[in-house]
Amino acid sequence: MIKLFRKIRYDLMEKNKTGKYLKYAIGEIFLVVIGILIALQLNNWNQNRALKKEELKVMKSLHKEFSQNLVKFDKVYNVHLERKKNIELIMAIKPQELSMDSLWTLIKAVSANNYTFDPYQGIYNSVINSGKIEIVSNDSLKEKIYRVQDLISDYKEEEIGSRNFAIQNLHKYILSETVFDNFKLNQQNYSPT
């Protein structure tokens, strides 16, 4: 192909046809520019396709990690609901109706259920720290992904605060004079079977 173009160019120069040579040169430049533009367009298309593929891979990984964290959260949440139920039970019953064994069983149930939500964050941290979050094309989704860490931090603060509040107030309730006196009175009448 190059030999053909070279032959045409030499023929035009030998015959002293400057006008035709200029038209030919402009046409050749035009073909080269068109070829470069097509190559750039193909390169952009391939890069966009690779970015979309990487975005899909990142989103699938995040979805899997968030799904695992949701299952983990549900388990911890159910434990907290059980602890809340036990606290309400302790607070609702009259101290004189409660045996020491029952009381300690409920206290253990409240105190032992100190599970906290500790989510998996390896993929999330990797995506954020590596800058791969920028390949997510949906700006609203990207913003929500950025906020996940803040939501987890807020939840953990609330979780720790409510757990500490419940345990401290439960101990105050149990050690209050009225309840303690009723337990002592109840304990004197208590005989193990």
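**K52 joins E55 in a salt bridge, with 3.6 Å between their closest N and O atoms.** A salt bridge here is a side-chain nitrogen of Lys or Arg within 4 Å of a carboxyl oxygen of Asp or Glu. What you are looking at is a predicted model, in which local features need pLDDT of at least 70 and side-chain atom pairs count only at pLDDT 80 or more, while totals for chains, interfaces and linings use all residues. Residues are numbered from 1 along each chain as its sequence is written, and side-chain values use heavy atoms, leaving out hydrogens and water. Because K52 and E55 are three residues apart in helix α2, about one helical turn separates them. Helices (H or I, at least four residues) and strands (E, at least two) are DSSP runs, numbered from the N terminus. The two partners are covered to unlike degrees: K52 is partly exposed at 49% relative accessibility, whereas E55 is buried at 11%. These words follow cut-offs of relative accessible area: buried is under 20%, exposed is over 50%, and partly exposed lies in between (1.4 Å probe, protein chains only). Setting aside neighbours within four places in sequence, E55 is in contact (heavy atoms within 4.5 Å) with I135, V136, S137 and N138.

**E54 and K132 meet through their side chains in a salt bridge, 3.3 Å from N to O.** E54 belongs to helix α2 and K132 to the loop between α4 (122–130) and α5, so this pair ties together parts that are 78 residues apart in sequence. Both ends are partly exposed: E54 has a relative accessible area of 24%, and K132 has 37%.

**E88 and K84 make another salt bridge, their closest N and O atoms lying 3.0 Å apart.** Both residues sit in helix α2, four residues apart, which is about one turn of the helix. E88 is partly exposed at 44% relative accessibility, and K84 is partly exposed too, at 46%. Elsewhere, salt bridges with shared partners link E134, D139 and K142 into one network. The full count of salt bridges comes to eight.

**E65 is a buried acidic residue with no salt bridge.** Look for E65 in helix α2. The nearest side chain of opposite charge is that of K64, 9.6 Å away. For charges, Lys and Arg count as positive and Asp and Glu as negative, while His and the chain ends are not counted. Once neighbours within four places in sequence are left out, the contacts of E65 are Y120, Q121, G122, I123 and Y124.

**V76 is a buried residue of helix α2, so look for it under cover, at 9% relative accessibility.** V76 touches Y115, T116, F117 and E159, not counting residues up to four places away in sequence. One of these partners, Y115, is 39 residues from V76 in sequence, and their C-alpha atoms are 6.3 Å apart in space.

**F30 is one of the residues in a nonpolar surface patch.** The patch members are I29, F30, V32, V33, I34, I36, L37, I38, L40 and L42, and their accessible area together is about 930 Å². Patches are made of residues with over 30% relative accessible area and no salt bridge, with like charges joined within 9 Å and nonpolar side chains (Val, Leu, Ile, Met, Phe, Trp, Tyr) within 5 Å. F30 itself lies in helix α2 (residues 18–92) and is exposed, with a relative accessible area of 54%.

**D150, D154, E157 and E158 gather in a negatively charged surface patch.** The place of a charge is taken as NZ of Lys, CZ of Arg, CG of Asp or CD of Glu. E158 is located in helix α5 (residues 139–175), where it is exposed at 58% relative accessibility.

**The whole protein has six helices and zero strands.** Starting at the N terminus, its elements run α-α-α-α-α-α. Of its 193 residues, 22% are buried. Among contacts between residues at least 6 apart in sequence, 75% join residues at least 24 apart. About 14,400 Å² of the protein is exposed, and carbon and sulfur atoms supply 60% of that area. Accessible areas come from the Shrake-Rupley method with a 1.4 Å probe, and for residues only the protein chains shown count as cover.
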